[in-house]
Amino acid sequence: GRRIDVVTIPGDGIGPDLLAGAVAVMRAAAGQVGVALDIETIDAGAKVFSATGSAFPADRLDRLRAADGVLKGPVGLPEVRHPDGTEAGVLGGILRTGLDTYANVRPVRLLPGIAGATRHAPGEIDYVIVRENTEGLYLSRGNGVATAEAAVDQLMVTRVGVERVARFAFELARTRAGAPSDGVRRVTCVDKSNVLRSYALFRSVFDDVAEQYPDIAAEHLYADAAAHDLVVRPGRFDVLVMENFLGDILSDLGAGTVGGLGMCASGNIGEHAAYFEPIHGSAPDIAGTDRANPISQILSAALLFDHAGVGDAADLIRTAVVGALGEATLRIGSDGCPVGGTAAAVAEIVRRIDAARVAPVA
Ligand code: NAD
Ligand code: IPM
Ligand code: MN
């Protein structure tokens, strides 16, 4: 039979509750399609930093590379900081750079039953932000220079860095299931090449790569105008590719249009490793109250299953989530939290997966 080896990183704040829910959902879906699931847990994040002086045990990166899939919860607590003033518990730098997961894939989809912050119909919003994940402004992490009076961080873009993430975006546009409202497959390059050299290089390398994909439309938008269009006419987008910091901000903006941060999953994908996580943080303001929306973590588990080659289990998860929202047996309030709480939302999704009738796999 099929067997997959998964590492979970529960993280901080709402993370452990989300992981507990996502693991229950994964076990239900794997059980249905006859996949055995081995799960190992690695503790990491702000709590671990406070206890050990390191947010992630660096000698465990190989363990993450070896796994069939890594499911990570949000990490970080605002009060746990480095002497330089930045946060000590976030793992973005360690994992994204350490594993060279250069493509941060952030699907934004308006699901049935969800009132987003804009007036759009389910299915109308269905695009993917591909965020460059290893350079850009974030390359300055730990390298900024500061006095009490001034501070400098540098934004670096390289040809190889843009080439690989642009290629990833075009390949995704060729193969992904969703489509923009006009049916035209396209990749939108988002930048500020009107102002900054680094973004001008980003755009010019994007254009070079686009020439190798004549079947996919290529276009540009300045990031400010893109922010407007993502709110006002999100239906025209298919795949967007952008520098790290722009992708961080615009993906949370997109989440606001589809029911909140708790709706949005992501994958960090590289040549030799991948890990999956919600786009949001540890939500310290609601941690421990059973209020967090677990869908972001649960859909991240579905992305993990796709990546690990068990797309049938991934489809079971997505069908259960869409079914529960569409039939309103699971409702998301205007506060972005599930009516009835986290645990009840998980139980409803598990119930639907258990009730699904699945053809046996040969
Ligand atoms: P956040 O995303 O944790 O929270 C922002 C707002 O969204 C809060 O009001 C929160 O309650 C709400 N929210 C987030 N997830 C939700 C969910 N699933 N259901 C319902 N509501 C949800 O951002 P923040 O408060 O700016 O950051 C908190 C901590 O998380 C910080 O330490 C930050 O560095 C860290 N962080 C980690 C990651 C990650 O691990 N990938 C991502 C973003 C932020
Ligand atoms: C994200 C987060 C991280 C980022 C932080 C916590 C370092 O906001 O994954 O979007 O800025 O990349
Ligand atoms: Mn972010």
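This report describes three aspartates, the packing of two helices and the surroundings of two ligands in a predicted model.

Residues are numbered from 1 along each chain as its sequence is written, while chains are lettered from A and ligands numbered from 1 in the order in which they are written. Because the model is predicted, local features need pLDDT of at least 70 and side-chain atom pairs count only at pLDDT 80 or more, whereas totals for chains, interfaces and linings use all residues.

**Three aspartates in loops**

Helices (H or I, at least four residues) and strands (E, at least two) are DSSP runs, numbered from the N terminus. Asp 153 is placed in the loop between strand S7 (151-152) and helix H5 (159-175), Asp 100 in the loop between helix H4 (92-98) and strand S4 (103-109), and Asp 290 in the loop between strand S12 (274-278) and helix H9 (295-307). The table gives their exposure, for which a residue is buried if 20 or more other C-beta atoms, placed from the backbone, lie within 10 Å of its own, exposed if 12 or fewer, and partly exposed in between.

| Residue | Other C-beta atoms within 10 Å | Exposure |
|---|---|---|
| Asp 153 | 14 C-beta atoms | partly exposed |
| Asp 100 | 16 C-beta atoms | partly exposed |
| Asp 290 | 15 C-beta atoms | partly exposed |

Although it is not a glycine, Asp 100 has a positive phi of about 55°, and Asp 290, also not a glycine, has a positive phi of about 60°. Leaving aside neighbours within four places in sequence, Asp 153 is in contact (C-beta atoms, placed from the backbone, within 7 Å) with Leu 137, Ser 140 and Gly 144.

**Two helices that pack together**

Helix H1 (residues 15-33) packs against helix H10 (residues 311-326) at an angle of about 125°, and their axes are 9 Å apart; these axes are lines fitted to C-alpha atoms over the stretch in contact, with angles running from 0 to 180 degrees between N-to-C directions. H1 is therefore oblique to H10, since angles under 35 degrees count as roughly parallel, over 145 as roughly antiparallel, 65 to 115 as roughly perpendicular and the rest as oblique. On the H1 side the contact is made by Val 25, Ala 29, Ala 30, Gln 32 and Val 33, and on the H10 side by Asp 312, Ala 313, Leu 316 and Ile 317.

**Surroundings of the ligands**

Ligand 1 is surrounded by 23 residues (C-beta atom, placed from the backbone, within 6 Å), and the closest are Gly 76, Gly 262, His 280, Gly 281 and Asn 293. Around ligand 2 are Gly 76, Val 90, Gly 92, Asp 248, Ile 279 and Gly 281.

Note on methods: Two residues are in contact if their C-beta atoms, placed from the backbone, lie within 7 Å.
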